[in-house]
Amino acid sequence: MKHIQEPPFSIQIELTEGCNLACWFCGIAGIRNNGINGVDRISGKNSKPYKFMEVYNARTTAKKIKESGWTSRIEFAMHGEPTLNPWIIEIVTLFRNFLPKNSLMMSSNGGGLLKDTTHKINLLFESGLNTLLLEDYKHANIVDKIKKKYEGPYEFSYYPENKAANPHKRRRPSEKLIVIVEDISEATSGTHSTLNNHTGCAFPLDYENEFARCALPFREMAIRWNGKVALCCNDFRGVYKCGSVLKSDLNKIWQNKYFRAARKSLYNNYRDFKPCFGCNTRSMRVGLLPDKLGKQTLKEPSTKDLAAIKKAISGKPYSKIVKRPWED
């Protein structure tokens, strides 16, 4: 009998592919020509042309999540700056209308909030957003400008200084919170304190966790700007292709042979396939897999599973590859 994976804890929604910054620790340099080989802290270049999730794709995605019955936390984030999306208010409104009980969160460097700051932030909350996470990248100095410009009424909370402000906490639809998160390149505690190599897009491949379980394909679904689903959010290039929410319902994708084969491999400590081979992401609570209580088990990957993995990584990735210096 095939294992049925319980719904994901969170669903990442990519409103924008491309960013206004060129942070040295970000894997976006592996899909976009921005920065100087990704080694400068900020080059002054961005990664245009941006690719935006359009309203039709957003409506379809939100509708599919509603039809799934999942209560997953929704996070607008991934491989770019969400506040640059020109339809951001309409899209947040759509998600709230379709998903009245889900927690809606947005992770941002604040790049799209510098003009008309108070109005834009308040409009996001009025549209249904629960948590606005502002990543305080010191080299960019954007968050400091937003703090000076914003006139309320919502207050700033600081994480990890204030543990209750953990942005990944599921919140009631009525809760509204602006969370300023410590610069990840300087943080030493909290859920945003660990840099990883973004499967080789940010830093060279690293085999430190070669035989470690990874929880991401068990707990998170990552939906890109065009509705395509890769194995996880760290797969910037979309090497491991799992399907499209525009062509299939979420449950079918979540339970399909591509996800199932990857989970069986990762559960049994195999990171021997792309993009997991050389990924140094470290997961928490890996003993509680594949279910929340850790009572079930997954068998070793079969020949059919290995064939599914081979098919998932065959062909072109979802995003164009920009080779990093260590890939030449």
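Two strands are said to pair if DSSP finds at least two bridges between them, the strands themselves (E, at least two residues) and the helices (H or I, at least four residues) being DSSP runs numbered from the N terminus. The model is predicted, so that local features need pLDDT of at least 70 and side-chain atom pairs count only at pLDDT 80 or more, while totals for chains, interfaces and linings use all residues. Residues are numbered from 1 along each chain as its sequence is written, and side-chain values use heavy atoms, with hydrogens and water left out.

A good place to begin is the sheet. It is open and built from 9 strands in the order S7-S8-S6-S5-S4-S1-S9-S10-S11, with mixed pairing. Strand S7 (156–159) and strand S11 (241–244) stand at its edges, and because each has a single partner strand, one side of each is left without a neighbour in the sheet. On average, neighbouring strands are turned by 25° against each other, direction ignored.

From the S7 edge, 4 bridges join S7 to S8 in a parallel arrangement, and here serine 157 stands opposite valine 179 in S8. Strand S6 (residues 131–136) also pairs with S8 in the parallel sense, over 6 bridges, and glutamate 135 has valine 181 as its bridge partner in S8. Since 5 of the 6 residues of S8 are buried (under 20% relative accessible area, with a 1.4 Å probe and protein chains only), S8 is largely enclosed by the rest of the structure.

Further along the sheet, strand S1 (residues 10–13) runs parallel to strand S4 (residues 73–76), joined by 4 bridges, with isoleucine 74 in S4 as the bridge partner of isoleucine 11. Helix H2 (residues 88–98) lies across S1, S4 and strand S5 (104–108), and runs at about 150° to S5; such angles run from 0 to 180 degrees between N-to-C directions, the axes being lines fitted to C-alpha atoms, for helices over the stretch in contact. Helix H7 (residues 257–267) packs on the sheet as well, touching strand S9 (220–223), strand S10 (228–230) and S11, where contact means heavy atoms within 4.5 Å.

Strand S11 contains lysine 241, which counts as buried because its relative accessibility is 17%. Leaving aside neighbours within four places in sequence, the contacts of lysine 241 include Val229, Tyr258 and Gly315. Lysine 241 and glycine 315 are 74 residues apart in sequence, yet 9.4 Å apart in space, C-alpha to C-alpha.

Key. Buried means under 20% relative accessible area, exposed over 50%, partly exposed in between (1.4 Å probe, protein chains only).
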